[in-house]
Amino acid sequence: MGPPKKITGKQEAALFIQAWWRGTLVRRTLLHAALRACIIQRWWKQMLVKLLERKRHLALDFYVRQEWAVVKLQSWVRMWRIRLRYCRLLHAARIIQIYWRWHNCRTRGFIQGHYIFKESHLNLQLEISLGAQACRVQQCIPLPIKE
């Protein structure tokens, strides 16, 4: 290397200004990097909050669907049990009615029959029972229909 150079006052001032400027550039670069990092961190925190909120919403939706399904299933089971009970009672009532009608027919008698409309006539068939006696009536009645 060569002999050391002497630094004058102007050169020293220029070196001071250059060092200050380089320090300012470095500090500005670091400040911009810190601001960008802060912006990225805020964005990431917002994304995490949105993700967490979405997860909470999905969990709540799943819970609501489960509760709805449980309530629906319970109502179906209650409906099935009530219907089964109703059918049993209906069957019992029919048995009682059958025996009651049989008893009435044996003691009092009954009238049973059916009718059919054909064009302008009424076909009527009746069976009247009084104990052991039975009477059957079949009649065709013309209807006064104007054409």
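Is tryptophan 43 buried, partly exposed or exposed? With a relative accessible area of 46%, tryptophan 43 is partly exposed. Keep in mind as we go that this is a predicted model. We'll come back to tryptophan 43 once its partner is on the table.

Let's start with helix H1, which covers residues 9-107. Tryptophan 20 lies in this helix, and it's also one of the residues behind a nonpolar surface patch: Phe16, Ile17, Trp20, Trp21 and Leu25 together make a patch of about 580 Å². Tryptophan 21, another member of that patch, counts as partly exposed at 41% relative accessibility. A residue needs over 30% relative accessible area to join a patch, so tryptophan 21, at 41%, clears that bar.

Now for the rings. Searching the whole structure turns up 2 aromatic pairs. In one of them, the ring centres of tryptophan 20 and tryptophan 21 sit 6.1 Å apart with their planes at 45°, so the pair counts as tilted. The other brings us back to tryptophan 43, which pairs with tryptophan 44. Here the centres are 6.2 Å apart and the planes are at 45°, again a tilted arrangement. Tryptophan 44 is partly exposed too, at 48% relative accessibility.

Staying with helix H1, have a look at the charged side chains. How many salt bridges does a search of the whole structure find? Just 1. Aspartate 61 forms a salt bridge with arginine 65, and their closest N and O atoms are 3.3 Å apart. Why do these two line up along the helix? They're 4 residues apart in H1, so about one helical turn separates them. As for their surroundings, aspartate 61 is partly exposed, with a relative accessible area of 32%, while arginine 65 is exposed at 57%.

Next come the strands. Strand S1 (residues 110-118) pairs with strand S2 (residues 121-130) in the antiparallel sense, over 9 bridges. If you want a landmark in that pairing, glycine 113 stands opposite leucine 126 in S2. The hairpin of S1 and S2 has 2 residues between the strands, and glutamate 119 there takes a positive phi near 50°.

S2 also pairs with strand S3 (residues 133-142), again in the antiparallel sense, this time over 10 bridges. Which residue in S3 is the bridge partner of leucine 130? That's glutamine 133. So S2 has a partner in S1 and another in S3, each pairing being antiparallel.

Key
Residues numbered from 1 in each chain as written. Predicted model: local features only at pLDDT ≥ 70, side-chain atom pairs only at ≥ 80, totals over all residues. Heavy atoms only, no water. Patch = residues over 30% accessible without salt bridge, like charges linked within 9 Å, V, L, I, M, F, W, Y side chains within 5 Å. Areas by Shrake-Rupley, 256 points an atom, 1.4 Å probe, with all protein chains shown as cover. Salt bridge = Lys/Arg side-chain N within 4 Å of Asp/Glu carboxyl O. Buried < 20%, exposed > 50% of the residue type's maximum accessible area, 1.4 Å probe, protein only. Pairing = 2+ DSSP bridges. Phe/Tyr/Trp six-rings, centres within 6.5 Å; stacked < 30°, edge-to-face > 60°.
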